[in-house]
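Trainee: Could you take me through one part of this protein in detail? I would like to see who sits beside whom, and then how that part fits into the rest.

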Amino acid sequence: MTTGASTPSSAARPPRSRLRTFLPLGIAAWLVVEIWLLTVVAGASSGLTVFLLLLAGFVLGAVVIKRAGRRAFQNLSQAVQQGTAPASGGDSGLMMLGGLLLMIPGLISDAVGLLLLIPPVQQALGRYAERTVERKLRKAAPGTLGDAFQQARIHRPDGKVVQGEVIRDEAGGDAPQGPRPPLTH
């Protein structure tokens with residue numbers, strides 16, 4: 001039976017972002033290229049060589065992650081002892097990412113992991129990431145998670161004022177509840 005009202009073509013679903021569209025395709029392509037490259041190297045040398053390369057990458061990645069984690073923990077504990085803010089941890093994070101990429105089986109991921117262990121590359125990527133995050137936070141719409149991070153960064157309470165809102169859900173309505181304690185500063 002037709003009522004004359006048109007039905008919506010889509011159920012108000014937001015459009016997919018490019019990242020959500022192409023990320024699975026990119027991961028699949030990366031896996032195919034990794035497997036192809038491993039078979040080419042195994043054909044050119046031997047399976048034992050490929051196995052030793054992958055094992056060396058895994059061991060090196062574990063060592064790098066352990067060292068970067070220890071360095072990040074030492075920086076944090078030193079900052080807590082001195083009562084200051086911790087030093088920039090971007091280098092440790094990029095080292096951990098490089099170690100993780102070394103641990104993932106594959107020659108391309110090993111090459112990218114080794115690239116992330118080079119200090120000038122770490123510094124350049126750290127600056128790029130910082131600028132990107134700052135730009136995203138400036139463009140954050142009200143009510144989004146980015147807006148919450150921006151407000152948290154701008155309004156750093158110094159301990160004297162706690163920002164918030166008190167909502168009382170009282171059954172008695174607007175009836176007075178007795179004497180209230182004095183407000184102090």
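Mentor: Happy to! Let's start with glutamine 122, which touches Asp91, Leu94, Met95, Leu116 and Leu117, leaving out residues up to four places away in sequence; contact here means heavy atoms within 4.5 Å. Before going further, please keep in mind that this is a predicted model, in which local features need pLDDT of at least 70 and side-chain atom pairs count only at pLDDT 80 or more, while totals for chains, interfaces and linings use all residues. Residues are numbered from 1 along each chain as its sequence is written, and side-chain values use heavy atoms, with hydrogens and water left out.

Glutamine 122 belongs to helix α5 (residues 119-138); helices (H or I, at least four residues) and strands (E, at least two) are DSSP runs, numbered from the N terminus. With a relative accessible area of 6%, glutamine 122 is buried. The cut-offs are under 20% relative accessible area for buried, over 50% for exposed, and partly exposed in between (1.4 Å probe, protein chains only). Its partner aspartate 91 lies in helix α3 (residues 90-103) and is partly exposed, at 38%. The two are 31 residues apart in sequence, yet their C-alpha atoms are 6.1 Å apart in space.

Another aspartate worth your time is aspartate 110, in helix α4. Aspartate 110 is buried but has no salt bridge, and the nearest side chain of opposite charge, arginine 67, is 17 Å away. A salt bridge needs a side-chain nitrogen of Lys or Arg within 4 Å of a carboxyl oxygen of Asp or Glu; for charge, Lys and Arg count as positive and Asp and Glu as negative, with His and the chain ends not counted. Setting aside neighbours within four places in sequence, aspartate 110 contacts Leu53, Gly57, Leu101, Leu102 and Ile104.

Helix α4 (residues 107-116) also meets helix α1 (residues 18-44): their axes come within 8 Å and cross at roughly 100°. Axes are lines fitted to C-alpha atoms, for helices over the stretch in contact, and angles run from 0 to 180 degrees between N-to-C directions. The two helices are therefore roughly perpendicular, a label for angles of 65 to 115 degrees. Trp30, Val33, Glu34, Leu37, Leu38 and Val41 of α1 make this contact with Leu107, Ile108 and Ser109 of α4.

As for the whole protein, there are 6 helices and 0 strands, and buried residues make up 14% of its 185 residues.

Terms used:
Parallel < 35°, antiparallel > 145°, perpendicular 65-115°, else oblique.
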